[in-house]
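I am opening these notes to keep a record of what I looked up in the model and how each term was applied.

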Amino acid sequence: MRSRIQRVLSSTATIRRIRRLPPLQSPPWRSLAATVSNSNLQRHLPQQPAWYSSSFMEEGSTSAIRKPKVLINDLESSMNKLLATEDPLSPEAWIESEELSSLLLQDKSIRSVVYSFQLLDRLLIDLPSPFGDWINTNLLNRMVGLWRVALWENDIPDYSVSQMLDRVLHYAQHHQLGNEKTLYLIVEAGVRSGKTTPEFAEDVLEKCITLWQAGNDPFYPTPPLFNIVTRAWMLAQRPETVTRIEAIVQRMVELMIPLNRESYLNMIQALAALGSTDAALRCEDILDRMAQAYQAGEITFSSLDGAFGGAFGMTITAWFKSGSPHAGRKAEELLRKMLDLHANHLHEKTDIIPAFNVAIQCQTMSGTISGAKKAQEIFNMMRERFTPDYISYLNLIQAWSIVGQPTRVEAIVQQMRTLYENGNEYLRPDSVIMTALISAHARSNSPNKVKDNREEAATRAYDLLQELKDAYKNGDESLKPNVVCYNSVMNGLARMKDPHRVSQLLREMFQDYEAGNKSAKPDVRSFNILLKAWSLTSDPHKGERAEQILKSMIDLSEAGKLDVAPNVISYTTLLTCYGSSNRPQKAEEVFNEMERLHAAGKLGAPTKQTLQLLKRAWLTSKDKNKRTRAKAVEREIALRFG
DNA sequence: CTAGGGTTAG
């Protein structure tokens, strides 16, 4: 149905021309300039709108585009004239207002947001309009929608999220404008831009519920409003996040608001983030309830929604994050259930592939060969029906890499390379894949355990790094070796008990970093690997060597050159250097230093492993009182860690 | 802005 004003307006050639302009992607002055330059149009203009000032007309079209200020000023002057009118608005003024507001709504500047609300406020004084009810909730929601976009990157004076809420509540109370969607837009704007707290979001939700319960039907709180409050809590990542989300779901149940797909998914995702076995079990519970709701017809999925994949995938993620030893088995079960439940609704891209990928990852947690075999099985099963992506390959590679099986990894990388060369550009083996391969070598164990292959393996890892460096030098950014990659190779060299080569590579790494490869910046782990290399040698002075390294770590970080302040692992490794060279007193001194630093808040607490290594330092020493000392440490372990 | 990635203390 057309309002009176629309009928009036559409009868004039002016407005017809303006309406026929393409939708404004560019600011309004640009289109207006085009309008003005069209002489044909000008003939149809019975009278120029007030904001077509003469000065603008004289400027000519091209300069008007280059000098947008001119039009803004014209808009401003006609706006100000309108706003300053104390008498009731004339019909002409109403027509002009409608034109202005439609222009403002098409421009995404902060200025037009502010203008449009000022205009609305002025018009509300004179309501009802002589031209029907074109000032309605739909218009308000479009304005709030614009404000929301503008707020994304800016703060708008006098139009903060809470000020907008006050404003909208005022409109609702005095002008019967606004509905639940209006409130949703405000919360969404605040939440997504990070400008409000979850408490604020909850507050708006409650206000909406109150309005609705007072008989204001347009404020019926829909599931998306509840869901955006839930997201607010998720983004806040507070300890009470899950409890609050549960309370929100409880509220939905009380008010008999149906839960939708996103309500269930949010709950599962929030729980998965907790990373506990209990949370993973609760995810399974919600998954079951979701399936029941689906079978009862309470939630439906359009073909684009892709059924349950997301929920299953996130539940598997919950198991992965739980670190539970059952994660692998659980992942398999859930995958099977997913395939059974929704064989016909599975969508490759959005749902299935990630679920498989996390399931593969779950198999790596045991760190056993049989885990790697399981990972391979799942990968093979996946490949029968679907298309594994980059992450699928990476996770499979990781499964074999972690158990030190470089031959398997080499083969998989080769498969990827073949697929890449056949046109699958996403499967290009990049530095991440190559790093996984490198660490597979660096971790590899001799297959027959008779001959120590560490040197050979470390050399292979080192050579691969040189290949990456060469490729990078030749301009291949995707193979740029980064800190992880260097650390892997150093780890291989450390395993062959060669601290000199480790420290040489550390220097190379530092040079690479200084030469501009910012991603090769040595970190604490790099230095810890060097410390570990010393701890593995039989050098009687390795304690002193390690202490020197620790000192330089402190110096480097205090000088602000590298961010390598020693951590608990660094000190523990130093302790091991003394401990494994028959210097238990020195090891204990290190431990005492750690305690001191911890008390001063400069270091994390020594771990159980720290104490166990101290105990071993005494036991393996030739000290006369070694048993008594070891007993004392044992008591300390019991005391601290139960 | 819906999950999933590579390095660490024998």
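In which loop is Met256 found? I located Met256 in the loop between helix H15 (241-254) and helix H16 (261-274), where helices (H or I, at least four residues) and strands (E, at least two) are DSSP runs, numbered from the N terminus.

**Conventions.** I am working from a predicted model, in which local features need pLDDT of at least 70 and side-chain atom pairs count only at pLDDT 80 or more, while totals for chains, interfaces and linings use all residues. Residues are numbered from 1 along each chain as its sequence is written, chains are lettered from A and ligands numbered from 1 in the order in which they are written, and side-chain values use heavy atoms, with hydrogens and water left out.

**Loops and backbone angles.** Returning to Met256, I noted a phi near 60 degrees, a positive value in a residue other than glycine. I entered Met256 as exposed because its relative accessibility is 73%; here buried means under 20% relative accessible area, exposed over 50%, and partly exposed in between (1.4 Å probe, protein chains only). Gln176, also not a glycine, has a positive phi of about 55 degrees, and I placed Gln176 in the loop between helix H11 (161-175) and helix H12 (180-192). With a relative accessible area of 64%, Gln176 is exposed. I then checked the peptide bond joining Leu127 and Pro128, which is cis, with omega about 0 degrees, and found Pro128 in the loop between helix H9 (110-126) and helix H10 (137-151).

**Whole chain.** For chain A I recorded 33 helices and zero strands. Of its 642 residues, 49% count as buried, and the chain exposes about 32,300 Å², with carbon and sulfur atoms supplying 50% of that area; accessible areas come from the Shrake-Rupley method with a 1.4 Å probe, and for residues only the protein chains shown count as cover. Among contacts (heavy atoms within 4.5 Å) with a separation of 6 or more, 67% are between residues 24 or more positions apart.

**DNA strand B.** Which residues come nearest to DNA strand B? Of the 40 residues around the strand, Asn357, Asn482, Asn487, Arg525 and Lys532 do, a residue being near a molecule or strand if one of its heavy atoms lies within 4 Å of it. By class, I have 12 nonpolar, 19 polar and nine charged residues on this surface, with Ala, Val, Leu, Ile, Met, Phe, Trp, Tyr, Cys and Pro taken as nonpolar, Asp, Glu, Lys and Arg as charged, and the others, Gly among them, as polar. On the strand's side, 42% of the atoms within 4 Å of the protein belong to sugar or phosphate and the rest to bases.

I looked up three polar contacts, each a pair of N or O atoms within 3.5 Å; within protein, one must be able to donate a hydrogen and the other to accept it, and residues adjacent in sequence count only if both atoms are side-chain atoms. A polar side-chain atom of Arg192 lies 3.3 Å from a base oxygen of DNA strand B, a polar backbone atom of Met314 is 3.2 Å from a base nitrogen, and an N or O atom in the side chain of Gln361 is 2.9 Å from a phosphate oxygen. Among the elements that give two or more residues to this surface I listed helix H18 (309-322), helix H20 (348-363) and helix H22 (390-402).

**Two buried residues.** Asn395 lies in helix H22 and is buried, with a relative accessible area of 8%. Not counting residues up to four places away in sequence, Asn395 touches Asn357, Ile360, Gln361 and Thr364, and a polar atom of the Asn395 side chain lies 3.0 Å from the backbone oxygen of Asn357. Ser322 is found in helix H18 and is buried at 14% relative accessible area. The side chain of Ser322 reaches the backbone nitrogen of Ser324 at 3.0 Å, and, with residues up to four places away in sequence left out, Ser322 touches Gly275, Ser276 and Thr277.
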